Amino acid sequence: MSYTIVQNFIPRLPKEAYDAGNYVGVIAHSTANNGDSAEGERNYESTTWQNAFVHFFVDDLKIEQVADTDYLCYGAGHTANHMGYAQVELCQTTDATKFAKAYAMYTWLLAKLLYNRKLSVVDGVTLMSHAHVSAKWKETDHTDPIDYLASHGKTWANLVADVTASYNEMEVNDLKLQTLILYSGDADLQIAADLAQHFSCPIVQAVYATADLLSSVTTKYQVGGSSAPAGVTLLAGADRFATMKAVLKSLGEI
Ligand SMILES: [Zn+2]
């Protein structure tokens with residue numbers, strides 16, 4: 001599952017660097033404003049950002065990014081903001097169906113922000129609620145989004161599990177897309193499978209490798225055969241053992 005992030009930055013926001021240079025985690029908020037929308041929150045924030053602003057709003061219809069995550073926002077108190085964290089507000093609704101849609105995008109976005117910087121999902125460290133931030137640094141007294149999640153039967157532990165599942169899915173999809181192993185014929189299958197295991201990537205017989213598939217993958221090898229499609233590195237020899245040798249050589253093992 002993947003969603004589109006609609007960028008609509010609020011003009012004239014400050015461009016202050018995080019202490020660490022990049023954000024070190026994400027903070028999950030909820031707006032405490034039932035029936036609001038991402039657009040409405042953005043409009044409100046565009047006149048009040050001096051007091052507070054976050055990077056994203058999520059409602060049941062879209063993910064709207066209102067501030068650049070390269071710079072800190074003012075969403076959760078001085079220490080957390082500066083350290084700093086990418087911050088996401090979940091718009092609130094009493095409608096269960098709308099909640100489910102928004103919640104799916106919200107957890108996906110939290111995972112995506114962590115995954116973009118390979119921060120892993122660490123409850124209370126890289127993935128924080130505003131409640132965590134208030135308890136840890138005591139600069140704010142907000143406890144969102146805990147009560148709002150509870151109003152729809154979700155716990156913080158549910159959210160952590162859902163963000164983790166999303167993060168893992170992104171990792172697996174990426175691995176698959178980074179590398180692909182083709183093999184020429186049945187005699188090449190075993191060594192191709194071993195190579196694929198080495199890269200944690202899929203294998204496909206060369207005759208089934210469509211142009212679409214090949215164009216979606218960065219690194220491609222073909223095991224065996226006398227020629228490979230454009231952009232695919234051919235690892236082959238005169239016989240099975242020579243092919244095996246070519247594969248091992250490519251890995252720098254001999
Ligand atoms: Zn908050």
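**Exercise 1. Work out the strand order and the pairing of the open sheet of four strands.**

Step 1. Read the order. Four strands form this open sheet, in the order 8-7-9-10, and the pairing is parallel. Strands here are DSSP runs (E, at least two residues), helices are runs of H or I with at least four residues, and both are numbered from the N terminus. Two strands pair if DSSP finds at least two bridges between them.

Step 2. Find the edges. Strand 8 (203–205) and strand 10 (233–235) are the edge strands, and each pairs on one side only.

Step 3. Add the twist. From one strand to the next, the twist averages 25°. Axes are lines fitted to C-alpha atoms, for helices over the stretch in contact, and angles run from 0 to 180 degrees between N-to-C directions.

Step 4. Look at one pair. Five bridges join strand 7 (residues 179–183) to strand 9 (residues 219–223) in the parallel sense. Leu180 stands opposite Lys220 in strand 9.

Step 5. Place the helices. Helix 7 (residues 189–199) packs on the sheet and touches strand 7, strand 8, strand 9 and strand 10. Its direction makes about 175° with that of strand 7. Helix 9 (residues 240–250) also packs on the sheet, touching strand 9 and strand 10, at about 130° to the direction of strand 10. Contact means heavy atoms within 4.5 Å.

A note on the model. This is a predicted model: local features need pLDDT of at least 70, side-chain atom pairs count only at pLDDT 80 or more, and totals for chains, interfaces and linings use all residues. Residues are numbered from 1 along each chain as its sequence is written, and side-chain values use heavy atoms, with hydrogens and water left out.

**Exercise 2. Describe the open sheet of six strands and the helices across it.**

Step 1. Give the order. The six strands run 1-4-3-5-2-6, with mixed pairing. Strand 1 (5–7) and strand 6 (127–129) are the edges, each pairing on one side only. The twist averages 25° from one strand to the next.

Step 2. Take the neighbours of strand 5. Strand 3 (residues 56–58) runs parallel to strand 5 (residues 85–92), joined by three bridges. Phe57 has Glu89 as its bridge partner, and Phe56 stands opposite Val88. Strand 2 also runs parallel to strand 5, with seven bridges. Here Val26 has Ala86 as its bridge partner.

Step 3. Lay the helices across. Helix 1 (residues 38–48) lies across strand 2 (25–34), strand 3, strand 4 (63–65) and strand 5, at about 150° to strand 3. Helix 3 (residues 96–116) lies across strand 1, strand 2, strand 3, strand 4, strand 5 and strand 6, at about 175° to strand 5.

**Exercise 3. Is strand 5 buried or exposed?**

Step 1. Sort the side chains. Tyr85, Gln87, Glu89 and Cys91 point one way; Ala86, Val88, Leu90 and Gln92 point the other way.

Step 2. Check burial. Buried means under 20% relative accessible area, exposed over 50%, partly exposed in between (1.4 Å probe, protein chains only). Eight of the eight residues are buried, so strand 5 is largely enclosed by the rest of the structure.

**Exercise 4. Trace the salt bridges of the structure.**

Step 1. Count. The structure holds two salt bridges (a side-chain nitrogen of Lys or Arg within 4 Å of a carboxyl oxygen of Asp or Glu).

Step 2. Take each pair. Glu39 and Lys62 meet at 2.8 Å, N to O. Glu39 is in helix 1 and Lys62 in the loop between strand 3 and strand 4, 23 residues apart. Lys62 also bridges to Glu64, with the closest N and O atoms 3.4 Å apart.

Step 3. Compare exposure. Glu39 is partly exposed at 28% relative accessible area, and Lys62 is partly exposed at 25%. Glu64 is buried at 0%.

Step 4. Join them. Shared partners link Glu39, Lys62 and Glu64 into one network.

**Exercise 5. Which protein donors hold the zinc ion?**

Step 1. List them. They are His29 (ND1), His130 (ND1) and two OD atoms of Asp144, lying 2.0 to 2.6 Å from the ion. Donors are N, O and S atoms within 2.8 Å of the metal (3.2 Å for Na, K and Ca); water is not among the atoms, so sites may look incomplete.

Step 2. Read the spacing. Along the chain it is H-x100-H-x13-D. His29 lies in strand 2 and Asp144 in the loop between helix 4 (130–137) and helix 5 (146–151), so the pair ties together parts 115 residues apart in sequence. Both His29 and Asp144 are buried.
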